[in-house]
Amino acid sequence: MDAQSQQAPAKKKETRGRKPKPKDEKQEEQQPQQGKIKKAHQQPSVDDKYSQWKSVVPVLYDWLSNHNLVWPSLSCRWGPQLEQATYKNRQRLYLSEQTDGSVPNTLVIANCEVVKPRVAAAEHISQFNEEARSPFVKKYKTIIHPGEVNRIRELPQNTKIVATHTDSPDVLIWDVEAQPNRHAVFGATNSRPDLILTGHQDNAEFALAMCPTEPYVLSGGKDKSVVLWSIQDHISATATDPAATKSSGAGSIIKNTKSGEGNDKAANGPTVAPRGIYYGHEDTVEDVTFCPSSSQEFCSVGDDSCLILWDARVGSSPVIKVEKAHDADLHCVDWSPHDDNHILTGSADNSVRIFDRRNLTSDGVGAPIHKFEGHKAAVLCVQWSPDRSSVFGSSAEDGLLNIWDYEKVGKKAERANPSSPPGLFFQHAGHRDKIVDFHWNASDPWTIVSVSDDCDTTGGGGTLQIWRMSDLIYRPEEEVLAELEKFKSHVVACTSKA
């Protein structure tokens, strides 16, 4: 991979989140750019802010792992947990390599060693080299992807099946365990997807979701449509039974396909026609999500500033359409797994909002129940915590990943710090450029993986970070105070003996 970064990158289109350069290129551009930043209004530079953050890592974090990416990854997702041990667990991690064309674009399956809470030493998590790869992340398999990987989403019933978006109208389905491991060299043929989902009339690049209750896939695209598929008939019965899949080993769980190599679409395996196509947006659909308790209900957001709720049982028109959900394009949406009424949105207006669908009406009226304004640039990703119903995260082009708790809004403890945005209780500042994706770990709920595209600040490539804040930050105050008092008593006892 290091040799790849020495090749001169080809010029490529620049759209949201895409400016691929290898990490080692353009170093000569970096210094004057940093100089300009320092001169402007005498604001702290990106590196100054980063150094300040790194100095407090031992205090704020229980564990942190930094992994240098030669090529940017626009998505990062947790896969299945593979093994549990005394001090750490092994788990799959899905990434991508978005290249300049000198080598193929890839979907990367990695193995990650997730250190358990209260195991890592403070000095170890703070002493890392930004230009090195993490010892906790090892590449396991490479799939040569037909086009750059814009989005990765896993099937909740079996996380060995993933869907990907690229710059085409199709959604690609991969059985990652059955796919052969490929060597990503120039001229190599693309890996063959296990399924191809057709139905869009124009490129579908970012909006992608997989249903928690049924093997359904949802997508949105530049054709302003939302498309729904069922892949139920194309996967074996064991595919949605994790216990059966675990016992059956790594055999293919997609029916009647042969994973391998192939270039032409006809050789790429079976295509699946849509179950339904839904029209209501007036511009590109940027994100979609399912209602956690229903395969028939879902919502979408787009560049028309609209939030739309759909129900496949009542037709292809919107059930509810909020015309002005934000003051700019909407980039992301997530439906609460804890409360079917709460929907989270993020926008180019730098804000995050929570809508209660009971307050929304079919005539386009509906105000958010909460607004969160702690970002200084467009919000690119939002996601609810799998562990606590009032907690969620948001990442943005300002390089920050904010963790919020809407139950803290207006509380006495929060009012004591008026400079902090209402609801914000943790800010991850370890990235130095836009954070294009992050994912809470359902197997280790306070552990998060996040990825940034570093082309603007560090000359190319990307940074993957896996981190867990100290539990003293989110546990109930009474518990924390009791533990600290116990520790204080222990220190005093030890001192008196000495």
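# Strands, buried residues and salt bridges

Guide: Within this predicted model, I354 stands opposite H370 in strand 24.

Visitor: What makes strand 23 and strand 24 a pair?

Guide: A pair needs at least two bridges between its strands. Strand 23 (residues 352–356) and strand 24 have three bridges, so they pass that test. Their pairing is antiparallel.

Visitor: Which sheet has strand 24 in its order?

Guide: Strand 24 belongs to an open sheet of four strands in the order 21-22-23-24, paired in the antiparallel sense.

Visitor: What makes strand 21 and strand 24 edge strands?

Guide: Strand 21 (330–335) and strand 24 (370–372) each pair on one side only. On average, neighbouring strands of this sheet are turned by 20 degrees against each other, direction ignored.

Visitor: Let's stay with strand 21. How do you know that H331 is buried rather than exposed?

Guide: H331, which sits in strand 21, has a relative accessible area of 5%. Buried means under 20%, so H331 counts as buried. A polar atom of its side chain lies 3.1 Å from the backbone oxygen of V379. H331 and S347 are 16 residues apart in sequence, and their C-alpha atoms are 5.2 Å apart in space.

Visitor: Which other sheet can we look at?

Guide: Another open sheet of four strands has the order 2-3-4-5, with antiparallel pairing.

Visitor: Why are strand 2 and strand 5 said to stand at the edges?

Guide: Strand 2 (77–84) and strand 5 (137–144) have a single partner strand each, so each has one side without a neighbour in the sheet. The average turn between neighbouring strands here is 25 degrees, direction ignored.

Visitor: How do you know that strand 4 and strand 5 pair?

Guide: At least two bridges are needed, and seven bridges join strand 4 (residues 106–115) to strand 5, so the two count as paired. They run antiparallel, and A110 stands opposite K139 in strand 5.

Visitor: Now for charges. Why is the meeting of R92 and E177 called a salt bridge?

Guide: The cut-off is a side-chain nitrogen of Lys or Arg within 4 Å of a carboxyl oxygen of Asp or Glu. For R92 and E177 the N to O distance is 3.0 Å, so the pair qualifies. R92 lies in strand 3 (residues 88–97) and E177 in the loop between strand 8 (171–175) and strand 9 (191–192), so parts 85 residues apart in sequence are tied together. R92 is buried at 5% relative accessibility, and E177 is buried at 12%.

Visitor: What makes R153 and D437 a salt bridge?

Guide: Their N to O distance is 3.7 Å, and the limit is 4 Å, so this pair also counts. R153 is in strand 6 (residues 151–155) and D437 in strand 29, so the link ties together parts that are 284 residues apart in sequence. R153, at 11%, and D437, at 1%, are buried.

Visitor: D311 and R313 meet in a salt bridge too. Which of D311 and R313 is buried, and which is exposed?

Guide: D311 is at 12% relative accessible area, and buried means under 20%, so D311 is buried. R313 is at 54%, and exposed means over 50%, so R313 is exposed. Their salt bridge has an N to O distance of 2.9 Å.

Visitor: How many salt bridges does this rule give?

Guide: The count comes to 23. Salt bridges with shared partners also join R118, D471, R475, E479 and E483 into one network.

Conventions:
Residues numbered from 1 in each chain as written. Predicted model: local features only at pLDDT ≥ 70, side-chain atom pairs only at ≥ 80, totals over all residues. Heavy atoms only, no water. Axes fitted to C-alpha atoms, helices over the stretch in contact; angles between N-to-C directions. Buried < 20%, exposed > 50% of the residue type's maximum accessible area, 1.4 Å probe, protein only. Polar contact = N/O pair within 3.5 Å; in protein donor to acceptor, adjacent residues only side chain to side chain.
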